[in-house]
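Hi everyone, thanks for coming. I'd like to walk you through one structure today, so please have a look at the screen while I talk.

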Amino acid sequence: MHSSVSPAAAAAPDRSPYPLFVSFSIRALAEPGVMPRVVELFAKRGLVPQRWNSAVSDQALSIDVQMTGLDSDLADYIARCMRLIHGVETVLTLESRPAV
């Protein structure tokens, strides 16, 4: 998803009273070390995902993780770290807030 937010707006702190909901969708090789490395990114920050779903199909592993309460910068950082994990092929994120 491409955004046309101005640099000034992007640098402004998040002051929304509603928590950010972040969904991470990870596609990786079906290797035993991938899942613990992904969950470690949350655990070492004292975070427990609200939802975790994983499935293996042939040699592909798909992991879907949902978190509420992350700020956008931390969500972006975690996604970047996921992309560096050996075996991870794709990481997509979706950020949203409750409709008012």
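Let me start with a working definition: two strands count as a pair if DSSP finds at least two bridges between them. Keep in mind, too, that what you see is a predicted model.

With that in hand, let's take strand β1, residues 21-29. Strand β1 and β4 pair in the antiparallel sense, over eight bridges. If you want a register point, look at Ala28, which stands opposite Val88 in β4. Next, β1 also pairs with β3, again antiparallel, and there the count is nine bridges. The register point I'd pick here is Ile26, opposite Ile63 in β3.

Now the whole sheet. In what order do the four strands come? The order is β2-β3-β1-β4, in an open sheet with antiparallel pairing. The edges are β2, at 51-57, and β4, at 88-96, each of them pairing on one side only. On average, neighbouring strands of this sheet are turned by 10° against each other, ignoring direction.

On to the helices. Helix α2, residues 34-43, lies across β1, β2, β3 (60-68) and β4, and runs at about 15° to β3. Helix α3, residues 72-83, packs on the sheet as well, touching β1 and β4. The direction of α3 makes about 170° with that of β4.

Here's a detail I enjoyed. How many aromatic pairs does a search of the whole structure find? The search turns up one. The partners are Phe24 and Phe42, edge-to-face, with 5.7 Å centre to centre and 75° between the planes. Phe24 sits in strand β1 and Phe42 in helix α2, so the pair ties together parts that are 18 residues apart in sequence. And both rings belong to buried residues: Phe24 is buried, and Phe42 is too.

Let me finish with Ser23, also found in strand β1. Buried or exposed, what would you guess for Ser23? The relative accessible area of Ser23 is 16%, and the cut-off for buried is under 20%, so Ser23 counts as buried. And what is Ser23 in contact with, leaving aside its neighbours within four places in sequence? The contacts are Val65, Gln66, Leu92, Thr93 and Leu94. As a general reminder, side chains in a regular strand alternate between the two faces of the sheet.

That's my tour, and I'm happy to take questions.

Key. Residues are numbered from 1 along each chain as its sequence is written. This is a predicted model: local features need pLDDT of at least 70, side-chain atom pairs count only at pLDDT 80 or more; totals for chains, interfaces and linings use all residues. Side-chain values use heavy atoms; hydrogens and water are left out. Helices (H or I, at least four residues) and strands (E, at least two) are DSSP runs, numbered from the N terminus. Axes are lines fitted to C-alpha atoms, for helices over the stretch in contact, and angles run from 0 to 180 degrees between N-to-C directions. Contact means heavy atoms within 4.5 Å. Rings of Phe, Tyr and Trp (its six-membered ring) pair if their centres lie within 6.5 Å; planes under 30 degrees apart count as stacked, over 60 as edge-to-face and the rest as tilted. Buried means under 20% relative accessible area, exposed over 50%, partly exposed in between (1.4 Å probe, protein chains only).
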